[in-house]
Number of protein chains: 2
Amino acid sequence: MQRALEEIREALGHDDVISTDPEDLWAHGYSEWSTTNPDGLPVAVAYPRSTRDVSILAQICYKYKVPVIPYSGGSSLEGNFSAPYGGISVDFAFMDKVVQFNRDDMDVVVQPSIGWQDLNEQLAKQGSGLFFPIDPVKYGTMKDWVINLTVVLADGTVIKTRRRPGSLRRATLKLAVVPEDLSVAVVPFPSIRDAASVAAEVMQTGIPIAAMEIMDEVQMKVFAGTKSSVRENINQVKRIAKAHKGGEFEFAKDEQEQKLLWSARKESLWSMLALRKDGEEVWSTDVAVPFSRLADIIEVSKKEMDDLGLFASILGHIGDGNFHESIIYNRTKKEERDKVEKCVKNMVKRAIDMEGTCTGEHSVGWGKKDSLLLEVGPDTLGVMRAIKRALDPHWIMNPGKIMDVP
Amino acid sequence: MQRALEEIREALGHDDVISTDPEDLWAHGYSEWSTTNPDGLPVAVAYPRSTRDVSILAQICYKYKVPVIPYSGGSSLEGNFSAPYGGISVDFAFMDKVVQFNRDDMDVVVQPSIGWQDLNEQLAKQGSGLFFPIDPVKYGTMKDWVINLTVVLADGTVIKTRRRPGSLRRATLKLAVVPEDLSVAVVPFPSIRDAASVAAEVMQTGIPIAAMEIMDEVQMKVFAGTKSSVRENINQVKRIAKAHKGGEFEFAKDEQEQKLLWSARKESLWSMLALRKDGEEVWSTDVAVPFSRLADIIEVSKKEMDDLGLFASILGHIGDGNFHESIIYNRTKKEERDKVEKCVKNMVKRAIDMEGTCTGEHSVGWGKKDSLLLEVGPDTLGVMRAIKRALDPHWIMNPGKIMDVP
């Protein structure tokens, strides 16, 4: 390990490429908002500046069989960037640039750690009229917007998954045209079942909504399109909501208020974290189910969650069949921890029984390996394992996540 | 091989599961509309009735290391279902059913050989208001609509890639709501460059068009949405077309005429085939490039194609940056064949140089292996090869396609 670190320092030629500062190791191996934090920390944190740096680092780690764990936003919730087997955490903080913007092709080449909000701010500043969308209801998920990736393989080989040449580039993303009009509205319902039913019905009617969010007491809907189609879509949704005893729509008056309405949802995790008392943690987890089961699972799961007698809430990107539970609890009290874990596992089991999935967007990471196995079974996991082994024979690329190290 | 066939007949218990009729072998190993037809035919054609049949067949082929080649619509153009190494062609003709339709979940479980038109007719007959869309511009490509697959692995193991239990099922597909309104229009342009420029600009403006087709002389546009948004979108496109010297829009008056306008495009390959004289073949191939290069590549490629002095045309799903060349030629005249091949290879090279791809939808098959290597390079192909080897150690699953047998 020490030899590997020395070789990396020497090969990359800049001193601050490797940190072994204890605080740095802690920040890259532990997360206060993660549901699980395995024992073990990375032995070092590397800060590459280019694909070449990453390739050299990978070559050396491959030679010494040192685990390599990628780190970018650090926002994951299932221990995805934890280091249960030590190794080097590779922090892409310095690789956060837009490399090339192709306005006419409606795509952009970016480095791995650029934030999507940052990217959209840069696109807006240039008056490009384009943005990188990630609302799964109207625009699909991340994978639908990736044209190609530059990938450093386990042994340091650099490949591009598809065309667009260049050595420093990392990912080419498709962009969408910014909608002419946008409207945000909040509508109250007498019960969460009513709210979930409306969400499912809106989707089944095919109204082109950009996003639809549910919260225990507040829901938000965002419509995007041309001015006249937005008006039309709002009326369609109003009719459906009315049939389900929905209250009056409260529309945002201006862009400022649109942001305000959204922030209630976007910052929900941080608001929960702020409410913690000493020694408390948040268990935040998500599942997704087919539309027809959405109202059922949310109603039953909310009831079980409320019965815990803890501070807890349900929210989610409901337009995609996906929702989240967030529960504040004290990890040091075994009984409390056990009952929270049981409640979460019951929700996951329920989603799988309804032909759903154990996670909609948090992914499997370290914490949900059992749930994935329950969902897909040993044979499907065996296929994933065979592919993993083919590309990572020493099992050093983020080991212990999604499936166990053999 | 003979022992394998006997075992399959015995295990599946019905006589007509295996055919060795020469005409059947020919029909499953040769295609008159394919650009390439390698030497070699399958030794037998199997007609499984269920996933269980397929699994047993795969187990036996794995034991005897017999190649297995899937066959469904038979419409592929690059020798995708050819049998250069012999083996068994598995024809899914009897597995063409809708297994389960979940109206409220907006999905459907189907067997592998159901046609998309057939599926949509069944959905329409039930008055479901849903359909399975495959227009890449508005709705994305096939992969965006697949929820899960039931897959028979090389050794016969049956896996499901994601949830939705059941033993006979094969693929769960998402469905979309049928648009309230639909409009089809044709608009003439003085040159193919003008036409291609309009297509690129329409995409860059973000108008939600369902499909946009280009033909040497005729173009078609289909708009889908609500009544008022369709009107609005048409006006936007009219403005763009006018700026590029586009002629008057000719709209279809009714559904009958919509179908008629489309049929010119949908049946273009069959019309070309009907025009062949004795001994002639059609070389039909496709590429895709970023929007900004579309007009350039179409103009240059059409010029080179016209210079061949053969009957040839350009058409394509231009809204996706994708277009096709179809050239009628006589395969037995070496000089003619050579110049057609050179013309096609030049177009492919040109697309790759423009950071495009060697095929938009025909795929690589047997005929475009060199082009794929040129596009992605040996290291990326190496990754594909490693995954192939991990899942198909005897290299018996459709061998010789996409990459060479090692």
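This report describes the interface between chains A and B and then selected side-chain contacts and backbone features of a predicted model.

## The interface between the chains

The two chains meet through matching sets of residues: 46 residues of chain B are in contact with 46 residues of chain A. Together, chain B and chain A bury about 3600 Å², and 54% of this area is on carbon and sulfur atoms. Between chain B and chain A the count of salt bridges is zero. Polar contacts are found there, however, with eight residue pairs across the interface of chain B and chain A, both residues of each pair at pLDDT 80 or more.

Several elements of chain B supply at least two residues each to the side that touches chain A: strand 9 (158-160), helix 6 (192-205), helix 7 (227-243) and helix 12 (369-391). Helix 12 of chain B provides the largest share of that side, with 10 residues. Sorted by class, the side of chain B that touches chain A has 17 nonpolar, 13 polar and 16 charged residues.

How is chain B placed relative to chain A? A turn of 180° and a shift of 0.0 Å along the axis lay chain B on chain A with an RMSD of 0.0 Å. The two copies are thus related as by a two-fold rotation axis. Of the interface residues of chain B, 100% are also interface residues in chain A, so the copies meet through the same surface.

## Salt bridges

Over all chains, a search of the whole structure finds 42 salt bridges. Three examples from chain A are listed below.

| Salt bridge | N to O distance |
|---|---|
| A:Glu7 and A:Lys63 | 3.0 Å |
| A:Arg193 and A:Asp296 | 2.5 Å |
| A:Arg193 and A:Glu299 | 2.7 Å |

The side chains of A:Glu7 and A:Lys63 meet in one of these salt bridges. A:Glu7 lies in helix 1 (residues 2-12) of chain A and A:Lys63 in helix 3 (residues 51-64) of chain A, so the pair ties together parts that are 56 residues apart in sequence. A:Glu7 is partly exposed, with a relative accessible area of 25%, whereas A:Lys63 counts as exposed at 53% relative accessibility.

A:Arg193 takes part in a salt bridge with A:Asp296. That pair links distant parts of the chain, with A:Arg193 in helix 6 (residues 192-205) of chain A and A:Asp296 in helix 10 (residues 294-306) of chain A, 103 residues apart. A:Arg193 counts as partly exposed at 30% relative accessibility, and A:Asp296 is partly exposed with a relative accessible area of 25%.

A:Arg193 also forms a salt bridge with A:Glu299. Here A:Arg193 lies in helix 6 of chain A and A:Glu299 in helix 10 of chain A, so the pair ties together parts that are 106 residues apart in sequence. A:Glu299 is partly exposed, at a relative accessible area of 36%. Through shared partners, salt bridges join A:Arg193, A:Arg293, A:Asp296 and A:Glu299 into one network.

## Buried polar and charged side chains

What does the side chain of A:Glu375 lie close to in space? A polar atom of the side chain of A:Glu375 is 2.7 Å from the backbone nitrogen of A:Cys358. The C-alpha atoms of A:Glu375 and A:Cys358 are separated by 6.8 Å, and the two residues are 17 residues apart along the chain. A:Glu375 is found in helix 12 (residues 369-391) of chain A. With a relative accessible area of 6%, A:Glu375 is buried, the cut-off for this class being under 20%.

In chain B, B:Asn102 is found in strand 5 (residues 98-102). B:Asn102 counts as buried at 12% relative accessibility. The side chain of B:Asn102 makes a polar contact with the side chain of B:Gln100 at 2.7 Å.

## Positive phi angles

Most residues other than glycine have a negative phi. A:Lys65 has a positive phi of about 55° although it is not a glycine. A:Lys65 lies in the loop between helix 3 and strand 3 (68-71) of chain A. A:Asn398, likewise not a glycine, has a positive phi of about 45°. A:Asn398 is placed in the segment after helix 12 of chain A, and at 19% relative accessibility A:Asn398 counts as buried.

Methods: Residues numbered from 1 in each chain as written. Chains lettered and ligands numbered in written order. Predicted model: local features only at pLDDT ≥ 70, side-chain atom pairs only at ≥ 80, totals over all residues. Heavy atoms only, no water. Contact = heavy atoms within 4.5 Å. Buried area = accessible area lost by both parts, 1.4 Å probe. Salt bridge = Lys/Arg side-chain N within 4 Å of Asp/Glu carboxyl O. Polar contact = N/O pair within 3.5 Å; in protein donor to acceptor, adjacent residues only side chain to side chain. Helix = DSSP H or I, 4+ residues; strand = E, 2+ residues; numbered from the N terminus. Nonpolar A, V, L, I, M, F, W, Y, C, P; charged D, E, K, R; others polar. Least-squares fit on C-alpha atoms with pLDDT ≥ 70 in both. Buried < 20%, exposed > 50% of the residue type's maximum accessible area, 1.4 Å probe, protein only.
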